[in-house]
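This report walks through one protein model for a reader who has not seen it before. Please keep the sequence and the structure at hand while reading.

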Amino acid sequence: MKLQNLNIVKMTAAVMLFALSGCSDDHLMDERYDGINSEIVFDDPETAAAVVTSVYDTFQGGPVEYLTKAIFYPANFLAQDFLNIGADTFFQTFQIPVTFGALNAMWTQNYKGIGRVNNAIYNIDLMIGDGKIEEAYGRRLIAESTALRGVLYTLLASDFGGVPLVLKSAEQIEDPKAPRNTQEEVFRQIVADMESAIPDLPWEYAAEDTGRITKGAAYAYLGNAYMWLGEYENAITAYEALEGHYTLEEDFLNVHAHSNQNGKESIFEVQLYDESGDLGWGRNDNVTFIQSFTMPNEIGNGGGYAVPTEALYNSFEAGDERKYATVIGPGDEHPDPEINISDYPNVQENFGGINTLGTEEEPWLGTDGAPNREGYYGVKLWRNPKVDGWSGPNIFGGQNLIFLRYGQVLLSLAECYHRTGNDARAMEYLMQVRNRANLTSEPAGAMMDNILNEYRHELAGEFSLWFVLRRSGEHTGYIQDKFGIDIPEGKDLMPIPQEQIDVNPNLEQNPGY
């Protein structure tokens with residue numbers, strides 16, 4: 001089954017309903033999956049596969065702020081190398097309001113996906129018992145679902161800490177207002193999910209199923225969970241299972257290239273296939289507006305609201321090839337040969353068709369008068385040449401988004417070996433990443449500081465930097481050392497959305513909110 005074809009089968013609200021999300025049925029329903037009862041849905045292998053495919057739609061669909069504001073924002077703004085130029089500047093002071101809508105979108109969308117997983121596991125297991133699906137295929141679909149539940153809980157726990165663990169289908173839930181589990185309990189469950197899934201997952205799929213979660217992704221998220229638990233030897237075992245199955249791209253610029261989606265370094269990549277793009281707001285069908293949101297205001301007649309800082313631009317070592325593949329500034333050309341700044345209509349009309357990001361004398365600081373613009377823009381998400389921003393006609397685009405890749409795994413292995421007292425081995429993994437960036441000398445100074453520095457320059461502008469820093473336990477010292485910011489007590493966690501507490505009083509708010 002092609003992962004792109006998410007509209008093949010429709011499901012009832014019973015399949016989608018997840019009481020713990022604390023929203024009305026309208027919030028929990030995906031309108032593309034309504035109208036047929038669950039008995040028919042789970043009656044043959046094709047519909048069972050489509051049910052599992054709908055779990056992937058958790059990442060591909062949902063509110064437009066899900067991928068941008070709920071995942072990209074915390075991963076980058078809390079790490080302080082990216083700024084919000086719009087209304088959400090509170091990330092710079094760690095004063096995130098409990099009513100911030102994107103966090104509620106994260107909560108409801110992830111629990112919608114978890115509800116789909118639980119119903120898929122329960123019903124496909126019944127299908128196997130009834131002989132309605134071949135056992136090996138059914139077990140693979142269950143393994144996919146189980147691993148995806150682990151990914152969804154990883155996102156939730158990385159943001160909020162402890163969250164309610166719900167592992168049963170909707171019809172089996174006894175307490176729809178369950179309290180939070182601890183962060184440790186959540187990551188223990190992630191370990192259990194990944195270990196359960198790994199035996200029945202393949203290392204790769206046929207081309208038409210590209211994007212489904214693999215054995216390698218399950219191992220990688222297993223290693224991550226073990227690191228959150230402080231079990232570094234177990235994390236090493238999980239991560240090193242990936243050797244021989246993944247490798248670094250030779251050129252860092254190629255990691256996020258529009259022409260290299262699902263490349264050899266990518267471990268888990270959200271598939272966003274719809275390349276049509278248009279100005280129709282409210283779209284949630286396998287597209288994202290994140291590129292338009294991050295492109296220069298001068299190009300798109302809008303946007304430029306999630307941008308890197310001059311401090312990040314200046315922090316790269318001389319010769320680090322990751323610099324211009326991550327951030328460009330006044331007078332710089334875009335490094336991707338598919339992106340010519342001079343091709344954009346606004347640039348031709350208003351800036352004489354220059355092929356640079358403004359000039360050093362006249363940097364692009366926006367045309368909207370918004371404060372705090374510094375003239376620097378991210379490269380990793382600005383890779384689809386078809387997207388031209390608010391000026392249209394293509395505000396949305398289908399550029400895939402990499403959630404986890406092998407470069408991050410190698411740095412995590414370096415951290416694990418450092419934590420277990422083997423700095424020589426840690427340096428070997430660190431140097432694999434540095435060598436790819438054209439850095440041939442071993443860094444001086446404390447090993448953990450070196451690892452944090454490599455996380456910063458490898459993962460800036462992606463979807464995991466802050467979560468990796470918080471996982472290390474070094475995040476408060478790192479933020480104080482790099483940026484002079486003291487994180488208020490408890491504010492390294494996101495607040496539990498107030499909307500969820502209002503409907504479930506058993507949910508305790510995180511300290512400090």
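How do the residues of the lining of the largest pocket divide into nonpolar, polar and charged? In this predicted model, the lining of that pocket holds seven nonpolar, nine polar and four charged residues. The space in the largest pocket comes to about 450 Å³. The pocket is lined by 20 residues, and Trp-203, Thr-214, Tyr-246, Asn-262 and Ser-266 are the closest to its centre.

**Overall make-up**

The protein contains 20 helices and six strands. It has 513 residues, of which 60% are buried. Its exposed area is about 18,400 Å², and carbon and sulfur atoms supply 46% of that area. When contacts between residues at least 6 apart in sequence are taken, 72% of them join residues at least 24 apart.

**Nonpolar cores**

The largest nonpolar core has 133 residues, and the members that touch the most others in it are Phe-59, Phe-268 and Phe-403. Helix α7, residues 135-160, gives this core its largest share, with twelve residues. Another core lies apart from it and has 17 residues, including Met-295, Val-307, Leu-357 and Val-379.

Phe-59 can be followed further. With neighbours within four places in sequence left aside, Phe-59 is in contact with Tyr-66, Leu-67, Leu-148, Val-151, Leu-152, Leu-155, Phe-268, Val-270 and Phe-403.

**Cavities**

The whole structure has six cavities of 30 Å³ or more. The largest cavity has 18 lining residues, and those closest to its centre are Thr-154, Tyr-221, Asn-224, Gln-408 and Ser-464. Two or more residues of this lining come from each of α7, α9 (215-228), β6 (401-405), α15 (406-419) and α18 (465-472). Among these, α7 gives the most, with four residues. Helix α7 is also the element with the largest share of the largest nonpolar core.

In the second largest cavity, the lining is made of 16 residues, and His-256, Gln-399, Asn-400, Leu-401 and Ile-402 lie nearest the centre.

The two cavities are set out below by volume and by the kinds of residue in their linings.

| Cavity | Volume | Nonpolar lining residues | Polar lining residues | Charged lining residues |
|---|---|---|---|---|
| Largest cavity | about 220 Å³ | eleven | six | one |
| Second largest cavity | about 120 Å³ | six | seven | three |

**Two loop residues**

Asp-343 is in the loop that runs between β4 (327-328) and α14 (345-350). Why does Asp-343 count as partly exposed? Its relative accessibility is 49%, so Asp-343 falls in that class, which covers values between the 20% limit for buried and the 50% limit for exposed. Asp-343 and Asn-355 are twelve residues apart along the chain, and their C-alpha atoms are separated by 8.0 Å.

Gly-230 sits in the loop between α9 and α10 (232-240). Gly-230 counts as partly exposed because its relative accessibility is 36%. The C-alpha atoms of Gly-230 and Ser-472 are 9.2 Å from each other, while the two residues are 242 residues apart along the chain.

How values were computed: Residues are numbered from 1 along each chain as its sequence is written. This is a predicted model: local features need pLDDT of at least 70, side-chain atom pairs count only at pLDDT 80 or more; totals for chains, interfaces and linings use all residues. Side-chain values use heavy atoms; hydrogens and water are left out. Buried means under 20% relative accessible area, exposed over 50%, partly exposed in between (1.4 Å probe, protein chains only). Contact means heavy atoms within 4.5 Å. Accessible areas come from the Shrake-Rupley method with a 1.4 Å probe; for residues, only the protein chains shown count as cover. A nonpolar core is a set of buried Ala, Val, Leu, Ile, Met, Phe, Trp, Tyr and Cys residues joined through side-chain atoms within 4.5 Å. On a 1 Å grid over the protein atoms alone, a cavity is a set of points where a 1.4 Å probe fits but cannot get out, and a pocket is an open set with protein on both sides within 12 Å along at least five of seven lines; lining residues have an atom within 4 Å of a point. Grid points are joined across faces, edges and corners, and a volume is the space filled by probe spheres set on the points. Ala, Val, Leu, Ile, Met, Phe, Trp, Tyr, Cys and Pro count as nonpolar, Asp, Glu, Lys and Arg as charged, and the others, Gly among them, as polar.
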